[in-house]
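Hello,

Here is the structure I promised to pass on. My notes follow below it, grouped by topic.

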Amino acid sequence: MQKEYNLYEPSWCPGCGNYMIRTALKQALEELEIPAHKAVISSGIGQAAKIPHYIGVNGFNGLHGRAVPPAIAIKLSNKDLNVIVESGDGDNYGEGGNHFMHAVRRNIDIAHFVHNNQIYGLTKGQGSPTTAEGQITTLQFDGVKSEALDPLALSLTLGAGFVARGFSGDIPHLVELMKQAISFRGYAHLDILQPCVVWNKVNTFSWYKDRVYKLPDDYDNTNYENAYKKSREFGDKIPIGVLYKVEKPTYGDSFNFIKDGEPLVDSKLDPLDAKDLMNDFI
């Protein structure tokens, strides 16, 4: 079984943080010894969403904001797969915000990696849900008028069992976060600070490096109140690491035929099995 993941030539801009995220993902999957045919990435539209094209893994590339529903269907129909959602902050927190919210609420057993560059990179630099209020963009000439969304506080409020933040400029640390998220049983939300070197001239690599700090070894990531406080810490100091990690029953656990049975994709279907149901209409 292939446990090494091939990489393919991307069309990202030189210096894009997506390169580092792809490197970390490849390393994480290989260190977990997950065969390539046992992993699948679902994405929407955007620069980050192109990642299934650039790494040798099963992939689904769908509509803008619609990365999560296919991932849910894939996981529920084949529980043996390691399902990962990868898209940008606009795709997941903007157009896909509703799907993001209900995936958290249902505790779907998927790892959700959001490439958060605080801008719409593919469509030339408009403000995204995570762009800072007042920031000048190619569309908001006099500054963004809305308050920035706090994605980690949101997922904690909705009941996520795994909430973390990483930085594409620290690959070894990001690899460990990805490994934990993929191995977590339940919905795992990993927000990744990923500079856009072309369209976001504010949140640059140096800007993040001056602000990010790793949560200390004695940090208790089972304490919800502390996790929420850390999720709201974004400015001069930005914590990276696992803010919260508590397992609970997953959505799939609610259905015995999923939890205890064989994967649905292996179920034997016979159209004649529906005969008794059809007789009720005769």
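Which residues of the largest nonpolar core touch the most other members? They are Tyr5, Leu25, Leu29, Ile84, Phe113, Met178 and Leu190, out of 32 residues in that core. Please keep in mind that this is a predicted model.

The core

Several elements feed this core. At least two residues each come from α1 (17–31), β1 (39–43), β4 (111–116), β5 (162–167), α6 (171–183) and β6 (188–193). Helix α6 gives the largest share, with six residues. Another core lies apart from this one. That other core has 26 residues, including Val40, Leu81, Val85 and Leu243.

Leucine 190 is worth a click. Leaving out residues up to four places away in sequence, Leu190 touches His112, Phe113 and Val114. The list for Leu190 also includes Ala164, Arg165 and Gly166, as well as Leu174, Leu177 and Met178. Two of these partners, Phe113 and Met178, are also among the core residues that touch the most other members.

Glycine 17

Next, helix α1, where Gly17 is placed. Is Gly17 buried or exposed? Gly17 is buried, because its relative accessible area is 0%, and the cut-off for buried is under 20%. Beyond its neighbours within four places in sequence, Gly17 is in contact with Ser168, Gln194, Pro195 and Phe205. His115 is 98 residues away from Gly17 along the chain, yet their C-alpha atoms are separated by 8.6 Å.

Aromatic pairs

The count of aromatic pairs comes to 12. One of them joins Phe167 and Tyr208. Their ring centres are 5.7 Å apart, with 50° between the planes. That makes the pair tilted. Phe167 sits in strand β5 and Tyr208 in helix α7 (residues 205–209). The two are 41 residues apart, and the pair links distant parts of the chain. Both partners fall under the 20% cut-off for buried: Phe167 has a relative accessibility of 3%, and Tyr208 has a relative accessible area of 0%.

The pair also belongs to a wider group. Ring pairs link Phe167, Phe205, Trp207, Tyr208 and Phe234 into a cluster. Phe205 in this cluster is also one of the contacts of Gly17.

The largest pocket

How much space lies in the largest pocket? The figure is about 320 Å³. The pocket is lined by 18 residues. Thr130, Ala148, Leu149, Asp150 and Phe234 are the closest to its centre. Phe234 is thus named twice, since it also appears in the ring cluster. The lining divides into seven nonpolar, seven polar and four charged residues.

Positive phi

Most residues other than glycine have a negative phi. Two residues deserve a look on that account. Glu33 has a positive phi of about 55° and is not a glycine. Asn107 also has a positive phi, near 55°, and is likewise a residue other than glycine.

Where do these two lie? Glu33 is in the loop between α1 and β1. Asn107 is in the loop between α4 (97–106) and β4. Glu33 counts as exposed, because its relative accessibility is 53% and exposed means over 50%. Asn107 is buried, with a relative accessible area of 3%.

Best wishes

How values were computed: Residues are numbered from 1 along each chain as its sequence is written. This is a predicted model: local features need pLDDT of at least 70, side-chain atom pairs count only at pLDDT 80 or more; totals for chains, interfaces and linings use all residues. Side-chain values use heavy atoms; hydrogens and water are left out. A nonpolar core is a set of buried Ala, Val, Leu, Ile, Met, Phe, Trp, Tyr and Cys residues joined through side-chain atoms within 4.5 Å. Buried means under 20% relative accessible area, exposed over 50%, partly exposed in between (1.4 Å probe, protein chains only). Helices (H or I, at least four residues) and strands (E, at least two) are DSSP runs, numbered from the N terminus. Contact means heavy atoms within 4.5 Å. On a 1 Å grid over the protein atoms alone, a cavity is a set of points where a 1.4 Å probe fits but cannot get out, and a pocket is an open set with protein on both sides within 12 Å along at least five of seven lines; lining residues have an atom within 4 Å of a point. Grid points are joined across faces, edges and corners, and a volume is the space filled by probe spheres set on the points. Ala, Val, Leu, Ile, Met, Phe, Trp, Tyr, Cys and Pro count as nonpolar, Asp, Glu, Lys and Arg as charged, and the others, Gly among them, as polar. Rings of Phe, Tyr and Trp (its six-membered ring) pair if their centres lie within 6.5 Å; planes under 30 degrees apart count as stacked, over 60 as edge-to-face and the rest as tilted.
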